[in-house]
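Biologist: I should like to go through this structure with you and ask, for each term you use, what justifies it. May we begin once the model is in view?

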Amino acid sequence: MMLPTVSVNSGAPAVSPPFWLLAELTYQCPLHCAFCYNPLNYDAVRNELTTGEWVRVMREARALGAVQLGFSGGEPLMRDDLEELVAEARRLGFYSNLITSGVGLNETRIAALKNAGLDHIQLSFQDSTRELNDFLSSTKTFDLKLKVAKLIKQYDYPMVMNCVLHRYNLPHVGKIIEMALALGAEYLELANTQYYGWAMKNRNQLMPTLEQVRDAERVVEEYRERIGDACKLLFVVPDYFEDRPKACMNGWGAVFLGVAPDGVALPCHNARDLPGLNLPNVRDVGLADIWRTSTAFNAYRGNDWMQEPCRSCDEKGRDLGGCRCQAFMLAGDAAATDPVCSKSPKRGEVDKVIRFASQRPTGLDNAHVIEQPIVFRTNANSRTLLQTDT
Ligand code: SF4
Ligand code: SF4
């Protein structure tokens, strides 16, 4: 779809409208995933937007030109006004998507969501086995997810299944595909862990080896040939194992507009971890101003912010210098070249992590590798980490 451009004000460059609005309705979630992308200090965020405030945000986003709306979290089903918000999204003409763990999606609610006009449901699994699914989420939810998958089919939704991949479940990728086929999924997103939030905290434990990644890729390719269009398989190699970064968010402030549970507007999922951005809040500023003129949304638009080697690189139009959050986490500077890039002077930081992963599990030859326990995403851990950081 072609998107119109809107002019900002005289002298400023034209800014395209956002394509999609991600409404992170709440950080509360019954699960405790070790790879959750929510901020470590999520438990400190309590002042959630009200129903009326979300309705205003959706209206402003639609007026700006956004066409897709994701309801996310945390677990969006924790909000009992979800059906009301979905109905408003339908009235406004959004294509709406519920991104859920499935916990809380009983027959009453799915019927109400269908009636309200929800277009699409994405259901996450942690693994194809009960043991690992329940271990990684630190809950007993595998059987419940199987029931929810059947409900989604019963209510005639296209089944979009998502499974975050890492060291523990990459060897199960064939079984995960079999499970998706058995449940009638039309799409399966095999999403390799992105190392932000809780996943970054647990990076040493979750990071796979190169062999695991390549083996899984092969398995996915074999299934693609065998099953054709019966289920579309999406598998993206974790960028630590590439030598060029991803074009993060298709560009900062280009298509994505996130709103956190407390109203903080986000140019990317993890922007609140970046220092000095002065992120605006939808409670204080209209969405159009946030999108077009706020310092935060303009901080990394275009190319002017780039440093060398990106500034003079002939590939900058393709990857846009990579991910700003990754640059900050690995190079200590959000405007640096993403260290995943082999041209980055900090690429060694990425190689160090891959080397560590290749040395686990500890054996006689690598007794120097120190094992750490997984830190699960719990309210108590969030509070402890907040205290540790301050
Ligand atoms: S990743 Fe897990 S803990 Fe985090 S919001 Fe999703 S289901 Fe909840
Ligand atoms: S130097 Fe920058 S623009 Fe060039 S390939 Fe690497 S990340 Fe991309």
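Modeller: Let me begin with a cut-off: a residue is called buried if 20 or more other C-beta atoms lie within 10 Å of its own, exposed if 12 or fewer, and partly exposed in between. Please bear in mind that this is a predicted model.

Biologist: Why is Met249 called buried?

Modeller: Met249 has 21 other C-beta atoms within 10 Å. The cut-off for a buried residue is 20 or more, so Met249 is buried. Met249 also has a positive phi of about 55°, although it is not a glycine. Its place is the loop between β7 (232-236) and β8 (256-259).

Biologist: What other residue that is not a glycine has a positive phi of about 55°?

Modeller: Leu320 has such a phi. Leu320 sits in the loop between α12 and α13 (324-331).

Biologist: How do you know whether Leu320 is buried or exposed?

Modeller: Leu320 has 25 other C-beta atoms within 10 Å. Since 20 or more are required, Leu320 is buried.

Biologist: Why, then, is Leu64 called partly exposed?

Modeller: Leu64 has 19 other C-beta atoms within 10 Å. A residue is buried at 20 or more and exposed at 12 or fewer; Leu64, with 19, is therefore partly exposed. Leu64 belongs to helix α1.

Biologist: Which residues does Leu64 touch, leaving out those up to four places away in sequence?

Modeller: Leu64 touches Pro17, Pro18, Leu287, Ala288 and Trp291. Leu64 and Pro17 are 47 residues apart in sequence, yet their C-alpha atoms are 6.0 Å apart in space.

Biologist: Let us turn to a single helix. How do you know that the span of α5 is close to the expected one?

Modeller: Helix α5 covers residues 142-154, which is 13 residues. The expected span is 1.5 Å times one less than the number of residues, which gives 18 Å for α5. From its first C-alpha to its last, α5 reaches 19 Å, close to that expectation.

Biologist: Which residues of α5 are buried, and what makes you say that they line one face?

Modeller: The buried residues of α5 are Lys145, Val148, Ala149 and Ile152. Seen down the helix axis, they fall within an arc of 105°, so they line one face of α5. On the other side of α5, Asp143, Lys150 and Gln154 are exposed. The buried residues pack against β4 (120-125) and β5 (159-165).

Biologist: Why does Val148 count as buried?

Modeller: Val148 has 22 C-beta neighbours inside 10 Å. The cut-off is 20 or more, so Val148 counts as buried. Apart from neighbours within four places in sequence, Val148 is in contact with Gly102, Leu105 and Leu123. Val148 and Asn106 are 42 residues apart in sequence and 7.3 Å apart in space, C-alpha to C-alpha.

Biologist: What follows α5?

Modeller: Asp156 follows α5, and its phi is positive, near 65°.

Biologist: Where are the cis peptide bonds that join Gly73 and Gly74, and Glu308 and Pro309?

Modeller: Gly74 is in the loop between β2 (68-72) and α2 (82-92), and omega of the bond from Gly73 is about 10°. Pro309 is in the loop between α11 (295-298) and α12 (316-319). Omega of the bond joining Glu308 and Pro309 is likewise about 10°.

Biologist: How is the chain divided into domains?

Modeller: The domain assignment gives domain 1 (20-241) and domain 2 (248-358). Their centres, taken over C-alpha atoms, are separated by 23 Å.

Biologist: How do you know that domain 1 and domain 2 are in contact?

Modeller: Two residues are in contact if their C-beta atoms lie within 7 Å. In this model, 32 residues of domain 1 are in contact with 28 residues of domain 2. The side of domain 1 that touches domain 2 has 20 nonpolar, 5 polar and 7 charged residues.

Biologist: What surrounds ligand 1 and ligand 2?

Modeller: Ligand 1 is surrounded by 13 residues, the closest being Cys29, Leu31, Cys33, Cys36 and Ser101. The shell of ligand 1 has 4 nonpolar, 7 polar and 2 charged residues. Ligand 2 is surrounded by 14 residues, of which Cys310, Cys313, Glu315, Lys316 and Cys341 are the closest. The shell of ligand 2 divides into 5 nonpolar, 3 polar and 6 charged residues.

Methods:
Residues are numbered from 1 along each chain as its sequence is written. Chains are lettered from A and ligands numbered from 1 in the order in which they are written. This is a predicted model: local features need pLDDT of at least 70, side-chain atom pairs count only at pLDDT 80 or more; totals for chains, interfaces and linings use all residues. A residue is near a molecule or strand if its C-beta atom, placed from the backbone, lies within 6 Å of it. Ala, Val, Leu, Ile, Met, Phe, Trp, Tyr, Cys and Pro count as nonpolar, Asp, Glu, Lys and Arg as charged, and the others, Gly among them, as polar. Domain bounds come from an automatic or database domain assignment. Helices (H or I, at least four residues) and strands (E, at least two) are DSSP runs, numbered from the N terminus. The arc is that of the directions from the helix axis to the C-beta atoms.
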